[in-house]
Amino acid sequence: MRVDIVSIFPDYFAPLDLSLIGKARGTGLLDLSVHDLRTWTSDVHRTVDDTPYGGGPGMVMRPEPWAAALDAVASPAAQLIVPSPAGRPFTQADAHELAELPHLIFACGRYEGIDQRVLDEAAARMPVREVSLGDYVLFGGEVAVIVIMEAVTRLLPGVLGNADSLTEESHAAGLLEAPVYTKPASWRDRAVPEVLRSGDHGRIARWRRTESLLRTAARRPDMFAAYPPESLDKFDRAA
Ligand SMILES: N#Cc1c(-c2ccc3ccn(Cc4ccc(CN5CCCCC5)cc4)c3c2)n[nH]c1N
């Protein structure tokens, strides 16, 4: 997968040199390039913003540098991903869709956002997705791109050592994860649930599913309501 990220803060993406994303870059699973938007400015001050038409707070990112940047990095197979407070909520399903694509371009806005005509003009030559991480306000799109890059890269074949990690993911199954434990068996007078040390894989699977259902019902009633009723096992906490 090829990924191009355009930002006025390219150093924000140093974390993408680390851990499994860094390894995916090193092995060629991920071809990631980060670009400074100011590369495509033409004035001595390298200006990327201006005042908003119609008034209002803050500044808006000018179209010319963005158009030149997108022209430079685009390819026939590219899709443009634009984090925005006004975007559609980004979900695990979106991560799976993006992980199947050959070329992603991320446009990281700042200030009050990018001149809308940049997105409109890009949409005439490639698919454009405006996405939001959630109902809170960030300074810009960079952090969202780092989150999306983690969600997408971990789905690429060969990135996660244990493929099972993907098959058991509860978000994929529409439930929250069950609690996890490791050694020691007792810690500050708190014991690991006996079922997890029983070696009875059927009991363990039932316990985990029950815990997932209980957690989802308590913390994400929206998710729980969408869970197919025919899939609901009887709660068996004593599994
Ligand atoms: N993904 C994601 C995000 C973002 C995100 C993503 C990309 C950019 C680019 C710039 N910003 C900053 C910003 C902040 C507020 C507003 C709204 N204005 C506020 C003042 C009155 C007018 C409207 C616009 C732009 C961004 C924020 N925030 N939260 C998410 N889940």
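## Nonpolar cores and a surface patch

**Exercise 1.** In this predicted model, find which residues F106 is in contact with, leaving aside its neighbours within four places in sequence.

*Solution.* Applying the contact limit of heavy atoms within 4.5 Å, one arrives at V3, D4, I5, V6, I81, V145, I148 and M149 as the partners of F106.

**Exercise 2.** Describe the largest nonpolar core, stating which members touch the most other members and which elements give two or more residues to it.

*Solution.* The largest nonpolar core holds 27 residues, and those that touch the most other members are V3, I5, L16, L98, F106 and M149. Two or more residues are given to this core by each of β1 (2–7), α1 (19–27), α3 (92–99), β6 (103–107) and α5 (142–153), with α5 providing the largest share, namely six residues. Separate from this core is a second one of 19 residues, M61, W66, A122 and M126 among them.

**Exercise 3.** Decide whether V147, which is found in helix α5, counts as buried, partly exposed or exposed, and place V147 in its surface setting.

*Solution.* Since buried means under 20% relative accessible area and exposed over 50%, V147 at 39% counts as partly exposed. V147 joins F9, Y12, Y136, L138 and V143 in a nonpolar surface patch, whose accessible area together is about 510 Å².

**Exercise 4.** Classify the one aromatic pair that a search of the whole structure finds.

*Solution.* The pair is formed by the rings of F9 and Y12, whose centres are 6.2 Å apart. Their planes stand at 50°, which is neither under 30 nor over 60 degrees, so the pair is tilted. Both residues are partly exposed, F9 with a relative accessible area of 36% and Y12 with 34%.

Notes. Residues numbered from 1 in each chain as written. Predicted model: local features only at pLDDT ≥ 70, side-chain atom pairs only at ≥ 80, totals over all residues. Heavy atoms only, no water. Core = buried A, V, L, I, M, F, W, Y, C linked by side-chain atoms within 4.5 Å. Buried < 20%, exposed > 50% of the residue type's maximum accessible area, 1.4 Å probe, protein only. Helix = DSSP H or I, 4+ residues; strand = E, 2+ residues; numbered from the N terminus. Patch = residues over 30% accessible without salt bridge, like charges linked within 9 Å, V, L, I, M, F, W, Y side chains within 5 Å. Areas by Shrake-Rupley, 256 points an atom, 1.4 Å probe, with all protein chains shown as cover. Salt bridge = Lys/Arg side-chain N within 4 Å of Asp/Glu carboxyl O. Phe/Tyr/Trp six-rings, centres within 6.5 Å; stacked < 30°, edge-to-face > 60°.
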